[in-house]
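I wanted to practise reading a protein model slowly, one feature at a time, and to write down what I looked up as I went. These are my notebook entries from that reading.

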Amino acid sequence: MSTLTYPEAIGVGLLQGVTELFPVSSLGHSILLPALVGGRIQHDLDMTAEGSSYLAALVALHLATALALVVHFRKDWLRVIDGLFGSIRHRRVETRNEKLAWLLVLSTIPVGVAGLVLEKALRNALGKPVPAAVFLALNGLVLLGAERLKRGGTGRRRAGRTAPADQPGTDPAIASDHRLTGLGYGQGAWIGAAQILALFPGISRSGVTMSAGILRGLHHEDAARFSFLLATPVILAASLLKVPELFRPENSGVLGPVLAGSLAAFVAGYVSVRFLTRYFETRSLTPFALYCFLAGAGSAIYLSL
């Protein structure tokens with residue numbers, strides 16, 4: 001049976017906190033890096049191995065990253081929750097917060113259903129280094145395609161581009177909400193459904209949802225914000241469903257390292273989301289696309305040989 005040491009758990013925690021939010025696939029990197037490094041690390045961090053504690057550890061690391069998102073967007077979530085309950089109480093959808101709340105709810109349903117049905121089967125079938133490398137390269141092509149198509153047509157039509165909330169002095173989050181609520185429910189559900197692709201190891205959740213948002217006319221910063229808001233309930237729900245696995249007798253020896261790794265994932269996730277929300281105000285997905293394609297293709301060739 002493999003074990004998980006403190007250095008391994010902290011290293012994986014930092015990796016998870018960064019790659020979950022950067023559009024480069026946390027699951028793909030969690031599979032690929034141990035295989036590329038080899039030795040003891042490959043043995044301990046093999047989620048497909050019999051009796052492996054690595055998968056249980058990843059559950060806690062995902063939860064820590066989701067909590068980092070909650071902390072960063074705490075004011076936004078308070079407005080969303082208030083809007084949701086206000087809408088239910090008054091049986092209406094009129095305000096910006098009410099519209100955003102239902103947009104998030106309806107956009108989360110497709111991936112929630114798909115995750116319950118497909119997640120385990122896809123992980124078992126494709127949770128190996130070479131398939132993960134291939135999908136990482138495909139992730140790069142998806143990001144490049146979104147940037148290319150954005151320049152060619154669809155991306156020029158920006159949702160809410162004339163919104164009065166864009167006036168100087170307006171809270172950027174409020175202005176972004178105004179633009180996001182310019183999306184129709186069908187558009188939001190289409191963007192949310194893109195998260196289903198992230199069930200394939202190597203495909204980035206944030207990457208595909210941002211790409212879908214850009215193709216629906218969102219600016220990069222709004223697409224990133226919507227992606228992070230969409231990811232939060234999905235990651236939280238998936239993690240909480242699997243948390244009991246951590247307390248099985250066979251995983252008792254990794255609880256200490258998992259706690260240390262979770263703290264590392266929380267810090268890395270919080271720093272990452274703060275960086276990315278600023279980064280996408282002026283920059284694009286292209287650097288991440290090139291990295292994913294080159295890293296994925298290179299890893300697939302190396303591991304195949």
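The entries below deal with a pair of helices, then with salt bridges, and lastly with two single residues.

**Entry 1: what I am looking at**

I note at the start that this is a predicted model, and I keep that in mind for every value I write down.

**Entry 2: two helices that meet**

I looked up helix α2, which covers residues 26-37, and helix α13, which covers residues 286-304, and I found that their axes come within 11 Å and cross at roughly 45 degrees. Angles from 35 up to 65 degrees fall outside both the roughly parallel and the roughly perpendicular range, and α2 and α13 are therefore oblique to each other. I also noted the handedness, and the crossing of α2 past α13 is left-handed.

Which residues of α2 and α13 meet? On the α2 side I listed H29, L32, A35 and L36, and on the α13 side Y291, S299, Y302 and L303. When I sorted the residues of this contact by kind, I had six nonpolar and two polar ones, and no charged one.

**Entry 3: salt bridges**

I turned next to charged side chains, remembering that side chains of opposite charge can pair when their charged atoms come close. How many salt bridges does the structure hold? The structure holds 10 of them, and I looked up several in turn.

I began with D44 and R40, whose side chains meet in a salt bridge with an N to O distance of 2.5 Å. Both residues belong to helix α3, residues 39-44, and because they are four residues apart there, about one helical turn separates them. I checked the surroundings of D44 as well, and with a relative accessibility of 1% this residue counts as buried.

The salt bridge between R92 and E94 has its closest N and O atoms 4.0 Å apart. Here I found R92 to be partly exposed, with a relative accessible area of 32%, while E94, at 63% relative accessibility, counts as exposed.

I then looked up R179 and D222, which form a salt bridge through their side chains at 2.5 Å, N to O. R179 lies in helix α8 (residues 172-180) and D222 in helix α11 (residues 220-242), so this pair ties together parts that are 43 residues apart in sequence. Are these two residues buried or exposed? R179 is buried, with a relative accessible area of 10%, and D222 also counts as buried, at 1% relative accessibility.

Finally for this entry, I recorded a network of salt bridges that links D76, R79, D177 and R225.

**Entry 4: two single residues**

I chose G269, which I located in helix α12, residues 255-279. Its relative accessibility is 0%, and because buried means under 20%, G269 counts as buried. Setting aside the neighbours within four places in sequence, I found G269 in contact with G17, L21 and A68. I also compared its position with that of P257, 12 residues away along the chain, and the C-alpha atoms of G269 and P257 are separated by 18 Å.

My other choice was T108, which has its place in helix α6, residues 96-126. T108 is buried, with a relative accessible area of 16%. Where does T108 make contact, once the neighbours within four places in sequence are left aside? I wrote down L230, P233 and V234 as its contacts.

Conventions. Residues numbered from 1 in each chain as written. Predicted model: local features only at pLDDT ≥ 70, side-chain atom pairs only at ≥ 80, totals over all residues. Heavy atoms only, no water. Axes fitted to C-alpha atoms, helices over the stretch in contact; angles between N-to-C directions. Helix = DSSP H or I, 4+ residues; strand = E, 2+ residues; numbered from the N terminus. Parallel < 35°, antiparallel > 145°, perpendicular 65-115°, else oblique. Left-handed = near helix turned anticlockwise from the far one by under 90°. Contact = heavy atoms within 4.5 Å. Nonpolar A, V, L, I, M, F, W, Y, C, P; charged D, E, K, R; others polar. Buried < 20%, exposed > 50% of the residue type's maximum accessible area, 1.4 Å probe, protein only.
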